[in-house]
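I am opening a notebook page on this model, and I want to record in order what I looked up. The sequence and structure come first, and my entries follow.

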Number of protein chains: 2
Amino acid sequence: MLHDAVSRIRRFNRAVTAEVGALDTSFLGRGRPLGAARVLNGIGHGRGDVGALRDYLGLDSGLLSRLLRGLEEEGLVVTLPHPSDARRRVAALTEAGRKEFVAYEALSNAQAASLVERFPRAEELLRAMDLVATALGRERIAIEECDPRAATAVSCLTAYYAELGRRLATGFDVALSRDPEAADMMRPRGAFLVALSDGMPIGCVGLKGKGGEVAEIKRLWVCPSARGLGLARRLMRAAEDAARDLAITTLQLDSNSALTEALQLYRRTGWVEIERFNDDPYPDFFFEKRV
Amino acid sequence: MLHDAVSRIRRFNRAVTAEVGALDTSFLGRGRPLGAARVLNGIGHGRGDVGALRDYLGLDSGLLSRLLRGLEEEGLVVTLPHPSDARRRVAALTEAGRKEFVAYEALSNAQAASLVERFPRAEELLRAMDLVATALGRERIAIEECDPRAATAVSCLTAYYAELGRRLATGFDVALSRDPEAADMMRPRGAFLVALSDGMPIGCVGLKGKGGEVAEIKRLWVCPSARGLGLARRLMRAAEDAARDLAITTLQLDSNSALTEALQLYRRTGWVEIERFNDDPYPDFFFEKRV
DNA sequence: GCATATGTCTGACCTAAGTCAGATAAATCG
DNA sequence: CGATTTATCTGACTTAGGTCAGACATATGC
């Protein structure tokens, strides 16, 4: 190793602090203190609920209140009582506020784009950034249910199919496989779960119901930068919880011998090998588990 | 790609801001504002000269002066006039100041260690952090002359030998090669240059003088995370500048056909192939350039 | 319906951080 | 030598950011 771990991390901290500081400085260019800009951005990103905004930004209630009043005086924000609980308030951007928000987004995007542009090995850099972000944000990975046709789900599935294509000796064509209907992977028949790290989808799993007490696990995938963190296990546990919730008692899945980590995971978490239960051309391993 | 580049970078920014913020918070635990802690750390890291400290921390002269006075009142720092210029002042840590400095270092090291500890794929993470730090700190890569036996030089050379061992079909044993004497790569005979990114050595090149007008380029190396940035070219240019400065008119070098990027660089920057000029077992390509 | 809990706001504070215009003293140039 | 430049310090000021106690209105449990 060139340098010990600690000094490498400290060098990283310095480099990154300088870069993030540059972004803050460019935000100041719009003539508003950073705090107000952050509030405006929070609202723009859908955190209109004052309480949610406070948690997200980690601000004192008095301080946030004052910042909101400032933005209201600027004509960028309006706050209204929450429709179902008049104690709570919801902030929303006005037309002018939306324009300001877009301007801040543009600054932020420009900074990101310039970073990629001035570094020749962009994809490698982005991959490294993903890995670091995942490592740092490990405690904040959330598993959520979503529609398997939603953008977050589709981005995972696309990566999943691409990886199968690379790893299976036969390649992989989703049209030849038994692609489940979206409705089978949604309540009340089944479920589709994605793992989100700070909003970015980094893994998924589908629970494909058949209407009865037996369901199938499909599409288990974890993005490369998040492997080795026990995320697949967490996703499987969440899928089993969903199955219990749907009164499903038996889970089945098929897999391929090229996917060694997956087979290892199944064997270690109570799955038992069973006879082939479909005529899909790709799988050559079949498992079952009672929940 | 899972997500577009911009949102990947923005996720990275958020993750890293939270981590750096955690370090700042732990620094506050020592009951001193962050500014004062940074000054103390700057002095501890050898930036005692008040002017240098101001540049390093980017502080206003009045503000730094006040922070220094505060640390003096705490008994952590003493400032003395510069020995050769009584206008300038030099700050130094007292015994108590050194203790505080060590405590801050320990906090910083603990944070770094805990990061590595809670992520199972530590070496991969560190490599990713190196790459990101190099990309972000690209404009701040400095080339400096140093003793080839100094720690910075040795860490580069060790990595260089290891890489030769991996890449040459024959392996590489430095004892069998014509290892230059350190004195040949130091003024007044030659020079040894290292590239430093925020203090971390990431590349080197040696200029081995023979006392006359001919000198040899040796040990050109760039660490993997910094490749593709044109650093080798910059190092070579710096070595040529040093050669001119030493009244050297002809440069020679030997290389191996396995080192394709290096050969390409030489051909593109005015080097011409010549006859073998030594009996070193490893090289099979020989170049010359007039400066 | 009343007591209590919850969510937000207001006023009165405080501190860290930074700016700027001189003051001061030492070095340097002609 | 005197004039100018350089390095640092001091005092007066500003701003951003944050804390805290209580006010106020609305919801919730009994």
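Which atom of DNA strand C lies 3.4 Å from a polar side-chain atom of Arg66(B)? I looked this up in what is a predicted model, and found that the partner of Arg66(B) is a base oxygen of DNA strand C.

Next I turned to the phosphates. I noted that a polar side-chain atom of Arg54(A) lies 2.7 Å from a phosphate oxygen of DNA strand C, whereas for Arg89(A) it is a polar backbone atom that sits 3.4 Å from a phosphate oxygen of that strand. I then checked how the strand's own atoms divide, and of those within 4 Å of the protein, 69% belong to sugar or phosphate, with the rest belonging to bases.

I went on to the protein side, where 21 residues surround DNA strand C, and those that come nearest are Arg54(A), Arg66(A), Arg87(A), Asp85(B) and Ala86(B). By type, I recorded ten charged, six nonpolar and five polar residues in this surface.

I also asked which elements supply these residues. Helix 4 (61–73) and strand 2 (85–93) of both chain A and chain B each give at least two, as do helix 3 (50–57) of chain A and helix 2 (34–44) of chain B. The largest share, five residues, comes from helix 4 of chain A.

Last, I looked at chain A as a whole, which is divided into domain 1 (5–118) and domain 2 (140–290). Taken over C-alpha atoms, the centres of these two domains of chain A are separated by 36 Å.

Technical notes
Residues numbered from 1 in each chain as written. Chains lettered and ligands numbered in written order. Predicted model: local features only at pLDDT ≥ 70, side-chain atom pairs only at ≥ 80, totals over all residues. Heavy atoms only, no water. Near = heavy atom within 4 Å. Polar contact = N/O pair within 3.5 Å; in protein donor to acceptor, adjacent residues only side chain to side chain. Helix = DSSP H or I, 4+ residues; strand = E, 2+ residues; numbered from the N terminus. Nonpolar A, V, L, I, M, F, W, Y, C, P; charged D, E, K, R; others polar. Domains from an automatic or database assignment.
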